[in-house]
Amino acid sequence: MKALLAALLAGLAQAASIALPGSGAPSWWLQIASLALLVHLLRTAPGWRVAALRGWVFATAWLAGVFWWLFISMHTYGGLAAPLAALAVLGLAIFLGSYYAVVSGYFHAVAPAHKALAALVFAFLWLLAELARGQWWTGFPWGAGGYAQIDGPLARLAPTVGVYGITAAAAGLAALLARVRAADVRRPRWWGGVAVVALLWQLAGWVQNAMDARIEVHAPITLALLQGNIPQDEKFQPGSGVPLALAWYGEHIRSATAQLVVAPETAIPLLPQELEPGYLEGVTARYREGQQALLVGIALGNPNAGYTNSVLGFAAGRQAPYEYDKHHLVPFGEFIPPFFRWFTELMHIPLGDFNRGAVGQSPLAWAGERVAPNICYEDLFGEELARRFLDPALAPTIMVNFSNIGWFGDTMAIAQHLSISRMRTLEFQRPMVRATNTGATAVVDHRGRVTARLPSMTRAVLGSAVEGVSGGATLYARWAGRWGLAPLWALGLVAALAAWGSRRRGKAP
């Protein structure tokens with residue numbers, strides 16, 4: 001029982017490492033320390049079944065601690081009874097935690113005696129669990145361990161191996177630390193291992209410097225990022241949120257003087273055909289000529305063709321507005337998975353079955369920049385964003401995230417999502433501009449640094465600037481753009497099979 005309690009507390013510490021309560025800052029050392037405690041619990045388990053249970057408790061506590069705010073969307077805004085909403089969040093955490101239970105039990109069964117080899121096995125097994133969570137059943141990789149490393153030393157691996165590679169590196173390091181003893185420090189072999197790790201870390205720095213030399217940083221362009229802070233329970237109400245949004249966003253879109261103006265996901269909360277005649281043409285007219293560009297979130301479509309969660313872009317010289325349609329839809333929010341309509345009918349949320357946009361849609365070409373939108377949690381899926389870098393002529397110079405986290409209140413979801421965007425800037429060496437309804441509206445440069453940000457839950461305009469970046473596609477963008485996450489899957493599966501084969505040979509007479 002004490003071991004299960006320790007696993008639960010370690011899991012909650014893992015959740016806190018993604019965004020510390022109070023500050024929202026990630027904690028790289030806490031993430032590694034909590035995972036090291038789990039490794040110790042796995043190795044000292046009396047059998048693989050107990051190890052699997054300990055891993056399951058750890059993962060369930062971690063994941064529930066990361067995305068507990070789903071309760072708010074289901075209960076506060078969806079009207080689902082509090083006990084049912086809490087059970088739904090816990091059920092999701094338990095289900096996703098089962099991936100980690102499997103690899104935890106497997107690690108206990110096959111881990112070699114050699115400490116370094118055992119650490120490699122754990123790193124790749126943990127990687128497999130993270131990949132499964134990130135891709136199976138449409139994927140929900142929110143709160144992956146690598147996001148805690150955004151300000152830590154492992155962050156320099158991002159342009160080479162991405163967040164999943166960082167997650168594996170952190171897991172391997174945690175497994176090594178879990179088995180360090182005082183006697184080890186006196187052994188030359190231990191210091192040799194430290195030297196190898198230091199060399200790999202330095203090699204990542206050399207790769208980073210080589211990529212830095214190949215990129216071109218553009219002259220800054222001015223920004224106006226609109227954060228309407230429309231209350232979520234009023235956002236789509238015709239008597240309150242809708243007229244407020246149309247008036248506030250319309251006023252600031254018309255009056256903005258920045259070169260690039262961005263309004264968030266569904267800033268305009270009606271379909272174009274539902275708007276007052278002339279409204280959209282009136283607020284966008286100034287952007288059809290001159291030197292400014294506008295990107296605004298809006299739903300598009302009709303009952304016959306279907307609907308899309310989209311972004312429209314307006315700039316001089318275009319015969320028609322630029323359009324980006326969201327590709328990676330949110331289950332239960334933007335599409336209803338098979339056999340789950342009964343669950344969505346328990347809530348009073350404006351749900352829809354949206355059409356998917358294509359992967360790798362073209363950016364908005366404007367003023368020497370290629371501005372590439374992504375909507376809401378699409379920026380969680382770096383392997384999909386990487387597809388946009390396959391053609392150098394279409395590779396983004398600026399990424400823009402359009403979000404509405406209002407569904408989850410003033411919670412850690414805001415800080416967590418900002419860290420996700422920061423990781424994408426490190427992976428691709430491109431800046432990310434964020435326009436949101438409630439936060440975090442911010443500018444992140446191509447080094448992952450937040451250069452400007454509005455306070456959350458305020459109605460305001462963020463005036464700032466961003467420097468576009470071209471050239472020098474990162475190694476991660478190149479391999480992930482071509483093969484997705486298949487190389488990481490292959491590495492993980494090979495390591496898992498090799499560990500099993502080694503165990504079988506060790507038991508042979």
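This report walks through the overall build of the chain, then helix 3 and a nonpolar patch on the surface.

The model is a predicted one. Its chain holds 15 helices and twelve strands. For 509 residues, a compact globule would have a radius of gyration near 23 Å, and the 24 Å of the chain agrees with that. Here are the whole-chain values in one place:

| Property of the chain | Value |
|---|---|
| C-alpha span along the principal axes | about 80 × 55 × 40 Å |
| Residues that count as buried | 56% of 509 residues |
| Exposed area | about 21100 Å² |
| Share of the exposed area from carbon and sulfur atoms | 65% |

As for how the sequence folds back on itself, take the contacts between residues at least 6 apart in sequence: 72% of them join residues at least 24 apart.

Now let's look at helix 3, which covers residues 48-66. From first C-alpha to last, its 19 residues reach 27 Å, close to the 27 Å expected at 1.5 Å a residue. Its buried residues include A51, A52, G55, F58, W62 and V66. Which helices do the buried residues of helix 3 pack against? Their partners are helix 1 (2-18), helix 2 (28-43), helix 5 (82-110), helix 6 (115-135) and helix 13 (412-428).

On the surface, L53, W56, L84, L87, L90 and I94 make a nonpolar patch of about 520 Å². Helix 3 and helix 5 are the elements that give two or more residues to this patch, and helix 5 supplies the largest share, four residues. One residue of helix 5 is L84. With a relative accessible area of 44%, L84 is partly exposed, because that class lies between the 20% limit for buried and the 50% limit for exposed.

Note on methods:
Residues numbered from 1 in each chain as written. Predicted model: local features only at pLDDT ≥ 70, side-chain atom pairs only at ≥ 80, totals over all residues. Heavy atoms only, no water. Expected span 1.5 Å × (residues − 1). Buried < 20%, exposed > 50% of the residue type's maximum accessible area, 1.4 Å probe, protein only. Contact = heavy atoms within 4.5 Å. Patch = residues over 30% accessible without salt bridge, like charges linked within 9 Å, V, L, I, M, F, W, Y side chains within 5 Å. Areas by Shrake-Rupley, 256 points an atom, 1.4 Å probe, with all protein chains shown as cover. Salt bridge = Lys/Arg side-chain N within 4 Å of Asp/Glu carboxyl O. Rg over C-alpha atoms; globule rule 2.2 N^0.38 Å.
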